[in-house]
Amino acid sequence: MKISIINKKGGVGKTSLAYSLAKDLELYLLSNDDSVIEIAYPDMAKIMEHPKLIDNVVYDFGGFVDAGVIDILNKSDFVIIPLTSDLNSFKKTVSLINEIENDNIILVANKAEKEDFKEIETFFKKKFGFPIFEIKNSRIWKKTFEESKSASEIKNSSKINQYVYRNSIDGYEKLLNFIKEKNNG
Ligand SMILES: Nc1ncnc2c1ncn2[C@@H]1O[C@H](COP(=O)(O)OP(=O)(O)OP(=O)(O)O)[C@@H](O)[C@H]1O
Ligand SMILES: [Mg+2]
């Protein structure tokens, strides 16, 4: 399985999501953008200017989008685009969707609060019809790199965490199940 995570908009949670998905799905993690993934996911994560097309991988494309990146996007089983609810994020997301020749796009309304998910769903559902998942704004995502654990590993690491984060990552868990089901069927 190959999963690409991309948005030209910075700070929308690409690396955090890519890291948790790679760990939870036991996949390699390749990125063309600087981050702490090589420390947090030893032997499995690698940063390189031009990531190669391999299998069993999550790509975190935060860096330069060149022909090599577009080629990998088009050959991925899923292209996940995290976005936040603001017009600049919407604009960059629309232009990115139009650049990709792949129908298996998944949108993630990330860091979502209050009406954010509804706004994103209203705008993108009619326009494109891709599945959209909500990942709420939560402190758990900052912890993932501090503890070198995926979001679900943190949630399930103790009874207390299971309680504290009981509603924090339901959208992430749905996304994880969606990917697992599609991949098996
Ligand atoms: N769902 C979330 N809720 C709250 N904070 C989040 C969430 N997802 C990510 N963050 C935080 O947002 C910040 C940016 O996240 P991240 O580095 O994953 O984004 P990015 O899109 O990879 O950014 P860049 O464009 O700089 O590579 C980090 O501090 C991260 O902990
Ligand atoms: Mg990043």
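Start by selecting Lys-2 and Val-57: Val-57, in strand E4, is the bridge partner of Lys-2. Before you go on, keep in mind that this is a predicted model.

**Stop 1: the strands on either side of E4**

Now widen the selection to strand E1 (residues 2-6) and strand E4 (residues 57-61), which run parallel and are joined by five bridges. Click on Ile-3 and you'll find Val-58 of E4 standing opposite.

Next, add strand E2 (residues 28-31). E2 also pairs with E4 in the parallel sense, this time over four bridges. Two pairs are worth picking out here: Tyr-28 stands opposite Val-57 of E4, and Leu-30 has Tyr-59 as its bridge partner in E4.

While Leu-30 is selected, look towards E3 as well. There, the bridge partner of Leu-30 is Lys-46. E2 and E3 run parallel too, with three bridges between them.

**Stop 2: inside E4**

Show the side chains of E4. Which residues point one way from E4, and which the other way? Val-57, Tyr-59 and Phe-61 go one way, Val-58 and Asp-60 go the other, and all are buried. That fits a general pattern: in a regular strand, side chains alternate between the two faces of the sheet. Five of the five residues of E4 are buried, so E4 is largely enclosed by the rest of the structure.

**Stop 3: the whole sheet**

Zoom out and colour the strands. You should see an open sheet of seven strands, in the order E3-E2-E4-E1-E5-E6-E7, with parallel pairing. Which are the edge strands? They are strand E3 (45-47) and strand E7 (132-136), each of which pairs on one side only. Look along the sheet and follow the twist, which averages 20° from one strand to the next.

Now bring in helix H3 (residues 67-75), which packs on the sheet and touches E1, E4 and strand E5 (78-83). The direction of H3 makes about 125° with that of E1. Add helix H4 (residues 87-99) too: H4 packs on the sheet by touching E1, E5 and E6. Here the angle to compare is with E5, and the directions of H4 and E5 make about 165°.

**Stop 4: around ligand 1**

Select ligand 1 and the residues around it. There are 16 residues surrounding the ligand, and the closest are Gly-10, Gly-13, Lys-14, Thr-15 and Ser-16. What mix of residues makes up the shell around ligand 1? Three are nonpolar, nine polar and four charged.

Turn on the secondary structure again. Helix H1 (14-24), strand E6 (105-112) and helix H6 (140-147) each supply at least two residues of this shell. H1 gives the most, with three residues.

**Stop 5: the two sides of H6**

Stay with H6 and select Ile-140, Trp-141 and Thr-144, the buried residues of this helix. They span an arc of only 105° around the axis, which puts them on the same side of H6. Then pick Lys-142 and Glu-146: these exposed residues sit on the face turned away from the buried side of H6. To see what covers the buried residues, show H1 and helix H7 (151-155), which are among the elements doing so.

Slide along to Ser-148, in the loop between H6 and H7. Ser-148 has a positive phi of about 50° although it is not a glycine. For context, most residues other than glycine have a negative phi. Ser-148 is partly exposed, with 15 other C-beta atoms within 10 Å.

**Stop 6: the loop before E3**

For the last stop, go to the loop between H2 and E3, where Asp-43 lies. Asp-43 is another residue other than glycine with a positive phi, near 70°. Is Asp-43 buried or exposed? Asp-43 is exposed, with 7 other C-beta atoms within 10 Å.

Move on to Met-44, placed in the loop between helix H2 (37-40) and E3. Met-44 counts as partly exposed, because it has 18 C-beta neighbours inside 10 Å. Leaving out residues up to four places away in sequence, Met-44 touches Ala-22, Tyr-28 and Leu-29. To finish, draw a distance between the C-alpha atoms of Met-44 and Ser-150: these residues are 106 residues apart along the chain, and the atoms are separated by 14 Å.

Conventions:
Residues numbered from 1 in each chain as written. Chains lettered and ligands numbered in written order. Predicted model: local features only at pLDDT ≥ 70, side-chain atom pairs only at ≥ 80, totals over all residues. Near = placed C-beta within 6 Å. Nonpolar A, V, L, I, M, F, W, Y, C, P; charged D, E, K, R; others polar. Buried ≥ 20, exposed ≤ 12 C-beta atoms within 10 Å, placed from the backbone. Arc of directions from axis to C-beta. Contact = placed C-beta atoms within 7 Å. Pairing = 2+ DSSP bridges. Axes fitted to C-alpha atoms, helices over the stretch in contact; angles between N-to-C directions.
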